[in-house]
Amino acid sequence: MRRTTSNAPMGSLSALALAMTAALALPAQAGEVRLADEVLVQASRNNSTVAQSKRSVAVVSRQQLDERQPDTVAEALKYEPNIEIAGGPRGNIQSPVIRGLSGNRVLQLVDGARQNFNAGHRGSYQMDPELLEQVDVIKGPASSLWGSGAIGGVVAQTSRDGRELLKPGQLFGGYAKQSHGTAADNDKTSAALYGLLGEQVDVLVNGYYQENDDIRLGDGRDLVDSAERGKGGMVKLGWQLDDHQRLTLSHRRHELDGAVPSNPSAEAGTSSPLIERSRQDDNTVLGYQFDPASPLVDLDFTLYRNRTRVDEWRIAQQQQDGTDYRTHGLNLVNRTRLPWAGLTYGVDWFNDKSEGVRGGTGRPVPADGRTEVIGGFVQADLPLAEGWTLSPTLRYDRFDTEARNIEGSKRDESEWSRSLALSWQATDWLELVARYDEAFRAPTSEELYTTGTHFSLGPMGSNMFVPNPDLRPEKAAQKELIARAEFGGVLAANDRLRLSASLFDNDVEDFIEQQVIMDFANRVFETRYQNVQNAELKGGELALNYDWRDLDLGLSYGRTRGKDKSDGGALEGIPADKWVASAGYWLLDRQLRLGAWLTHASSQLRVPADHGQDYDGYTLLDLGANWYGRGRLDGLELGLVADNLTDRYYRRAFEQLYEPGRNIKLSALYRF
């Protein structure tokens with residue numbers, strides 16, 4: 001985000017607040033009220049379900065992934081209120097924007113392992129959706145649970161498990177899947193084998209290969225230099241030691257190759273030269289769960305290692321670059337249930353190592369950086385009175401960092417992160433939550449220690465990177481009100497209406513941004529990362545879901561406003577207001593499911609004064625159909641999704657590139 005000035009009004013949340021109040025004023029209806037889906041929110045750390053969570057959360061299940069057929073993790077979340085896609089149409093650079101914050105301000109987890117890789121314009125979300133069982137999101141600051149990086153929220157990805165893919169009584173199985181997308185002639189082949197090895201051991205082997213041409217946009221043109229090919233897979237072993245203990249070991253690999261601009265979110269040009277980029281991610285996770293018949297112990301232990309290697313060839317400049325980023329870490333969490341409280345507590349440790357080389361002269365010099373963080377937390381759920389629960393959380397983190405190629409760069413700091421939630425189950429159909437959350441993000445090695453030439457100025461010299469080892473961590477403090485209601489028998493017997501709403505105000509201090517100094521009078525040409533502004537992000541969300549028999553309907557609205565607290569100017573990168581209406585219906589005795597999603601993004605007129613342009617609104621229609629074979633066709637599944645059915649030529653607010661045009665996705669899967 002950039003500090004700017006603007007005379008545009010920030011707007012009011014009064015309309016959303018009135019809608020929230022009116023919705024929650026509905027009287028309880030006759031009929032049985034069914035509980036919300038008992039889906040665990042993996043990022044919560046206390047094994048809470050969606051219904052039990054005291055935070056604003058979103059969960060995308062495997063069934064929803066199959067229905068939507070997303071190409072990236074960010075795309076899987078695009079229908080959620082106050083979550084948008086950043087990075088443009090090239091999938092290798094896409095990431096979610098949560099309540100106006102993105103990039104390394106949103107913590108990413110895969111099976112509980114932090115994904116810390118961060119190197120400019122190289123993307124960080126590399127998990128293929130085909131390998132996922134679930135994606136869940138905590139919206140808003142969550143450092144009290146996870147430490148550094150969770151200023152905007154947490155995106156937790158859970159991989160598939162061989163046991164869950166087996167049918168009842170089945171000892172061995174597998175599937176083969178072929179899919180095609182028309183917008184980029186994207187062909188993808190994936191397959192898996194899974195089964196039981198004896199009574200205690202299960203195994204899953206999954207692999208995929210995909211390749212696409214340049215992406216076709218809504219105006220019929222192709223986005224040049226957007227073709228790529230990728231492959232990868234996962235091996236996962238599970239060992240059920242006894243009724244109370246389980247051990248898992250998994251290894252994932254993802255490889256991606258293609259010719260792209262050095263900044264894939266932009267066109268190739270003088271500031272973003274065309275490069276041949278090859279990337280390889282390797283991730284290994286060892287997990288142990290111990291859940292005896294005791295209220296004192298429910299333990300999860302995770303040990304992990306991540307390595308990302310990026311090799312680049314700058315075609316016109318004939319220069320070879322390389323980046324190597326490694327993370328080692330562990331998590332230990334236990335949950336204790338006492339008569340007077342529930343406790344969740346644990347420790348986390350990780351060590352990041354980054355290094356790189358840049359070919360040629362007059363180039364940036366990556367830091368040979370090392371960062372180590374250790375932290376511990378405790379969260380309590382304290383019943384105060386009938387219907388009232390107080391949930392305080394306290395966490396302490398200590399981090400050490402240095403760059404071996406910069407003398408005197410070693411530094412260490414510590415941070416406390418606090419949160420407090422007060423929930424009230426006002427009636428059997430209404431819950432209200434008020435909460436306060438703090439978060440921080442420690443500066444990265446790139447931000448602290450990058451040196452060398454940023455760009456040449458010809459006979460006047462060069463603009464040089466200047467390290468700034470004194471950068472302060474970014475900090476956030478958010479206040480939030482959450483309301484959830486659930487009714488049965490609203491329009492018909494056995495139907496269900498769920499409503500959720502939230503209002504939030506997030507104050508973020510010491511934003512770290514890259515500043516380019518061009519002082520021709522004094523011949524000072526520098527680029528450095530600095531703490532440049534204090535910001536306020538506020539907004540709200542409203543979601544309604546109705547289901548009855550084979551029909552489900554949804555409507556959601558998300559709104560975020562961002563301003564610089566020093567001058568009231570608008571912030572860059574804040575998504576436009578977004579409405580999403582959805583409908584799904586089962587036919588043929590639940591053998592065929594039809595779906596539709598209508599998304600409307602408003603015009604984004606709240607832009608920085610020096611930005612130079614506004615962004616038009618747009619409306620998108622997506623349709624889908626999934627058919628599941630029976631009888632002699634049992635195991636056959638066919639899918640059809642039409643994204644951007646009307647072939648709209650559009651781009652999201654603050655993105656440089658336009659999005660894909662009409663994209664018809666076809667898939668065929670056979671499961672045995």
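I began by fixing one term: a residue is buried when its relative accessible area is under 20%, exposed when over 50%, and partly exposed in between, using a 1.4 Å probe and protein chains only. By that rule Ala183, at 5% relative accessibility, counts as buried.

I noted that this is a predicted model, in which local features need pLDDT of at least 70 and side-chain atom pairs count only at pLDDT 80 or more, while totals for chains, interfaces and linings use all residues. Residues are numbered from 1 along each chain as its sequence is written, and side-chain values use heavy atoms, with hydrogens and water left out.

**Entry: the whole protein**

I looked up the secondary structure and found six helices and 34 strands, where helices (H or I, at least four residues) and strands (E, at least two) are DSSP runs numbered from the N terminus. The radius of gyration, taken over C-alpha atoms, is set beside a globule rule of 2.2 Å times the number of residues to the power 0.38. For this protein the radius is 25 Å, close to the 26 Å that the rule gives for 672 residues, so the protein is as compact as a globular protein of that length. I also noted that the C-alpha trace spans about 80 × 55 × 50 Å along its principal axes, and that buried residues make up 54% of the 672 residues.

For contacts I used heavy atoms within 4.5 Å. Among contacts between residues at least 6 apart in sequence, 64% join residues at least 24 apart.

**Entry: the loop at Ala183**

I returned to Ala183, whose place is in the loop between E8 and strand E9 (186-197). Not counting residues up to four places away in sequence, Ala183 touches Asp214, Ile215, Arg216, Pro660, Gly661, Arg662 and Asn663. I also looked up its separation from Val466, 283 residues apart along the chain, and the two C-alpha atoms are separated by 43 Å.

**Entry: strand E34 and its partners**

Asn663, one of the residues that Ala183 touches, led me to strand E34 (residues 663-671), where Asn663, Lys665, Ser667, Leu669 and Arg671 point to one face and are buried, while Ile664, Leu666, Ala668 and Tyr670 point to the other and are not. In a regular strand the side chains alternate between the two faces of the sheet.

I counted two strands as paired if DSSP finds at least two bridges between them. Strand E8 (residues 172-181) runs antiparallel to E34 and is joined to it by seven bridges, and Tyr175 has Arg671 in E34 as its bridge partner. Strand E33 (residues 636-643) also pairs with E34 in the antiparallel sense, over eight bridges, with Lys665 in E34 as the bridge partner of Val641.

**Entry: a sheet of five strands**

I then followed an open sheet of five strands, whose order is E1-E6-E7-E4-E5 and whose pairing is mixed. Strand E1 (57-61) and strand E5 (113-114) stand at its edges with a single partner strand each, so one side of each is left without a neighbour in the sheet. E1 is joined by five bridges to strand E6 (residues 132-139), and the two run antiparallel; in this pair Ala58 stands opposite Val137 in E6.

**Entry: strands E28, E29 and E30**

Strand E28 (residues 524-548) pairs with strand E29 (residues 551-564) in the antiparallel sense over 14 bridges, and Asp547 stands opposite Asp552 in E29. Their hairpin has two residues between the strands, and there Arg549 takes a positive phi near 55°. E29 also pairs with E30, again in the antiparallel sense, over eight bridges, and the bridge partner of Leu551 in E30 is Tyr585.

**Entry: positive phi in two further loops**

Most residues other than glycine have a negative phi, and most peptide bonds are trans. I therefore made a note of Gln318, which is not a glycine yet has a positive phi of about 55°. Gln318 is found in the loop between strand E16 (299-314) and strand E17 (319-338), and it is exposed, with a relative accessible area of 52%. Arg590, also not a glycine, has a positive phi of about 60°; Arg590 lies in the loop between strand E30 (578-587) and strand E31 (592-601) and counts as partly exposed at 41% relative accessibility.

**Entry: Gly329**

My last look was at Gly329, which has its place in strand E17 and is buried, with a relative accessible area of 1%. Leaving aside neighbours within four places in sequence, Gly329 is in contact with Thr302, Leu303, Tyr304, Trp349 and Phe350.
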